[in-house]
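Trainee: I am new to this structure and would like a close look at a single part. Could you take me through the largest cavity and what surrounds it?

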Amino acid sequence: MNIIFSKSAAYLSHLPFGLDDMTVNQDVNGNGAVRRLPRAVNDCSSYISAGFKANTGSLLLVLRMSKHKLFLLRHGEGAWNKENRFCSWVDQKLSKDGVKEAQDCGRLLKEQGYKFDLVFTSILSRSVQTAWLVLEAMGQEWVPVVKSWRLNERHYGSLIGLNRAEMALQHGEEKVKLWRRGYDVTPPQIDESHPYFLEIYSDRRYQTCDVPKENLPRAESLKEVLDRLLPYWENTVVPEIRKGKTVLISAHGNSCRALLKHLEGISDQDIASVTLPTGIPVLLELDENLRPVKPRQLLGDQAKIQAAIKKVEDQGKATPST
């Protein structure tokens, strides 16, 4: 639903900005569009549109209203997150700290009064375990959990198992950042000589996929993650959201980043700077067309969140060998 406010309407005074600073481009008939929103809402300008009608002297704001809440969650810290290794499709359980992160996340969501109707996870244990712990902490263990490989972490190919910091020391931080964060850069493929090839592709869970095992990825860019995720989003998740259900997607750093790119229209370049720490819930408020009506919110203590983001970003930096 779009709500249209007139400049003369009394309830505009309740908005968190004034209207007098707006700059309007007028056409020859005196109609126009707002060229500059007040500084207080510059960061939200993509969620607000405005227009000027010369015949009435009214300045109109059109605010897209929130209709749906969607929660994204990168799983709690895994054992290989702690060791700073590319985990990818190797199945790892949560570390002790990761268990606490998931439980703390659930307690936070409960305290803030959120209730879920449906949870989606990948088929990797750390994603599923996180969802279970969150629901348990919320007292919502009964909520259905649906699993799909299409929400799996990005497949890092031959990089799986390697230490990020050691690679940065060997190949340079920029190269490792490109492998980790570049949108359309695919790492070298995994092959049968790789120490984790059989562990991944002989795993029975991959017999449950909607594609033959031989067609599963051997390496992926973030673009390819989005390509395999979008059909599941459109055909399975979206219909549930449109029914009015509040959905949690408990997945991975890159599958969540890929979905954020799609929903928020983030550019190929800017997505490289989007970092999601483990165990921090991300709230998206969406309109009836499933477009964000405000910037994403990372819920929790903001100082701790910023420290957690820096920790993730530092994983790809070189450290002296010992």
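Mentor: For sorting residues, Ala, Val, Leu, Ile, Met, Phe, Trp, Tyr, Cys and Pro count as nonpolar, Asp, Glu, Lys and Arg count as charged, and the others, Gly among them, count as polar. With that in hand, and keeping in mind that this is a predicted model, we can turn to the cavity. Searching the whole structure gives 1 cavity of 30 Å³ or more, and the largest cavity holds about 210 Å³ of space. Its lining is made up of 18 residues, which divide into 4 nonpolar, 7 polar and 7 charged. Nearest the centre of the largest cavity lie Arg74, Glu153, Tyr156, Arg164 and Asn254. Helix 5, residues 173-181, and helix 8, residues 253-264, each contribute at least two residues to this lining, and the largest share, 3 residues, comes from helix 8.

Helix 8 also leads us to a neighbouring element, since its axis comes within 9 Å of the axis of helix 7, residues 222-242, and the two cross at roughly 75°. An angle of 65 to 115 degrees counts as roughly perpendicular, and helix 7 and helix 8 are therefore roughly perpendicular to each other. On the side of helix 7 the contact is made by Leu222, Val225, Leu226, Leu229, Leu230, Trp233 and Glu234, while helix 8 brings Asn254, Ser255, Arg257, Ala258, Leu259, His262 and Leu263. The residues of this contact divide into 9 nonpolar, 3 polar and 2 charged. Asn254 thus appears in both parts of the picture, among the residues nearest the centre of the cavity and in the contact with helix 7.

Definitions and conventions. Residues are numbered from 1 along each chain as its sequence is written. This is a predicted model: local features need pLDDT of at least 70, side-chain atom pairs count only at pLDDT 80 or more; totals for chains, interfaces and linings use all residues. Side-chain values use heavy atoms; hydrogens and water are left out. On a 1 Å grid over the protein atoms alone, a cavity is a set of points where a 1.4 Å probe fits but cannot get out, and a pocket is an open set with protein on both sides within 12 Å along at least five of seven lines; lining residues have an atom within 4 Å of a point. Grid points are joined across faces, edges and corners, and a volume is the space filled by probe spheres set on the points. Helices (H or I, at least four residues) and strands (E, at least two) are DSSP runs, numbered from the N terminus. Axes are lines fitted to C-alpha atoms, for helices over the stretch in contact, and angles run from 0 to 180 degrees between N-to-C directions. Angles under 35 degrees count as roughly parallel, over 145 as roughly antiparallel, 65 to 115 as roughly perpendicular and the rest as oblique. Contact means heavy atoms within 4.5 Å.
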